Amino acid sequence: MSLQQFHTLSERVLEGIENVAEEFADADPDERVEVEFSGDVLEISVRGGGTFVLNKQTPNRQVWLSSPVTGPQRYNSVSYTHLRAHETREDRVWRRVGVKK
């Protein structure tokens with residue numbers, strides 16, 4: 001995978017997760033979720049659930065997830081497809097962060 005392909009794919013993934021998290025945060029009357037995307041780092045803080053951090057690791061061509069639920073995870077370009085495989089991205093994000101809709 002070229003550097004440009006990595007940037008395009010990883011930015012699409014992070015922005016997609018950010019959009020879903022923002023939609024949930026905006027619609028949540030209890031304001032349990034805060035989302036911040038700065039540079040290559042996306043932070044999703046869930047009241048009572050901790051902070052989830054996703055960031056691009058350009059030298060490795062990976063996206064890393066730091067999760068208080070599942071611990072650290074690293075996604076290679078081949079693994080990005082599982083974000084969309086059997087459930088919607090939104091369902092997967094909220095299952096990962098432990099928020100029930």
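Helices and strands here are DSSP runs, numbered from the N terminus, with at least four residues for a helix (H or I) and at least two for a strand (E).

**Entry 1. Overall layout**

I began with the order of elements in this predicted model. Reading along the sequence, I get the pattern α-β-β-β-β-β-α for the protein chain. That is 2 helices and 5 strands.

I then looked up burial for the whole chain. The protein chain has 101 residues, and 38% of them count as buried. The accessible surface is about 6,100 Å², and carbon and sulfur atoms account for 46% of that surface.

I also checked how far apart in sequence the contacting residues are. Taking contacts between residues at least 6 apart in sequence, I note that 36% join residues at least 24 apart.

**Entry 2. Salt bridges**

How many salt bridges does the structure hold? I list 3 salt bridges. As background, side chains of opposite charge can pair when their charged atoms come close.

I took K56 and E11 as my starting pair. Their closest N and O atoms are 3.2 Å apart, and the two residues form a salt bridge. K56 sits in strand β3 and E11 in helix α1, so this pair ties together parts that are 45 residues apart in sequence. I looked up accessibility for both partners. K56 is buried, at 7% relative accessibility, whereas E11 is partly exposed, at 34%.

K56 has another entry in my list, with D40. Here the closest N and O atoms of the salt bridge are 3.8 Å apart. D40 belongs to the loop between β1 and β2 and K56 to strand β3, so the pair ties together parts that are 16 residues apart in sequence. D40 counts as partly exposed because its relative accessibility is 37%, and the partly exposed class runs between 20% and 50%.

I therefore record E11, D40 and K56 as one group, since salt bridges link E11 in helix α1 to K56 in strand β3. The three residues E11, D40 and K56 form a network of salt bridges.

The remaining pair I looked up is D28 with R32. Their salt bridge has its closest N and O atoms 3.0 Å apart. Is D28 buried or exposed? D28 counts as buried, at 7% relative accessibility. R32 is partly exposed, at 29%.

**Entry 3. Around D40**

I stayed with D40 and looked for other residues on record with it. S10 is placed in helix α1. S10 has 0% relative accessibility and counts as buried. S10 and D40 are 30 residues apart along the chain, and their C-alpha atoms are separated by 9.3 Å.

Next I looked up N55, which lies in strand β3 (residues 50-57). Which residues is N55 in contact with, leaving aside its neighbours within four places in sequence? I find D40, V41, Q62, V63 and W64. N55 counts as buried because its relative accessible area is 16%, and the cut-off for buried is under 20%.

**Entry 4. Negative patch**

I turned to charge on the surface. D30, E31, E34, E36 and E43 gather there in a patch of negative charge. One of these, E43, is placed in strand β2 (residues 41-46). E43 is partly exposed, with a relative accessible area of 34%.

Another member of the patch is E31. I place E31 in the loop between α1 (3-27) and β1 (33-38). E31 counts as exposed because its relative accessibility is 61%, and the exposed class begins over 50%.

**Entry 5. Positive phi angles**

I checked backbone angles at two loop residues. E31 has a phi near 50°, a positive value in a residue other than glycine. R61 is not a glycine either, and its phi is positive at about 55°.

Where is the place of R61? I find R61 in the loop between β3 and β4 (62-67). R61 counts as partly exposed, at 28% relative accessibility.

Technical notes: Residues numbered from 1 in each chain as written. Predicted model: local features only at pLDDT ≥ 70, side-chain atom pairs only at ≥ 80, totals over all residues. Heavy atoms only, no water. Patch = residues over 30% accessible without salt bridge, like charges linked within 9 Å, V, L, I, M, F, W, Y side chains within 5 Å. Areas by Shrake-Rupley, 256 points an atom, 1.4 Å probe, with all protein chains shown as cover. Salt bridge = Lys/Arg side-chain N within 4 Å of Asp/Glu carboxyl O. Lys, Arg positive; Asp, Glu negative; His and termini not counted. Charge placed at Lys NZ, Arg CZ, Asp CG, Glu CD. Buried < 20%, exposed > 50% of the residue type's maximum accessible area, 1.4 Å probe, protein only. Contact = heavy atoms within 4.5 Å.
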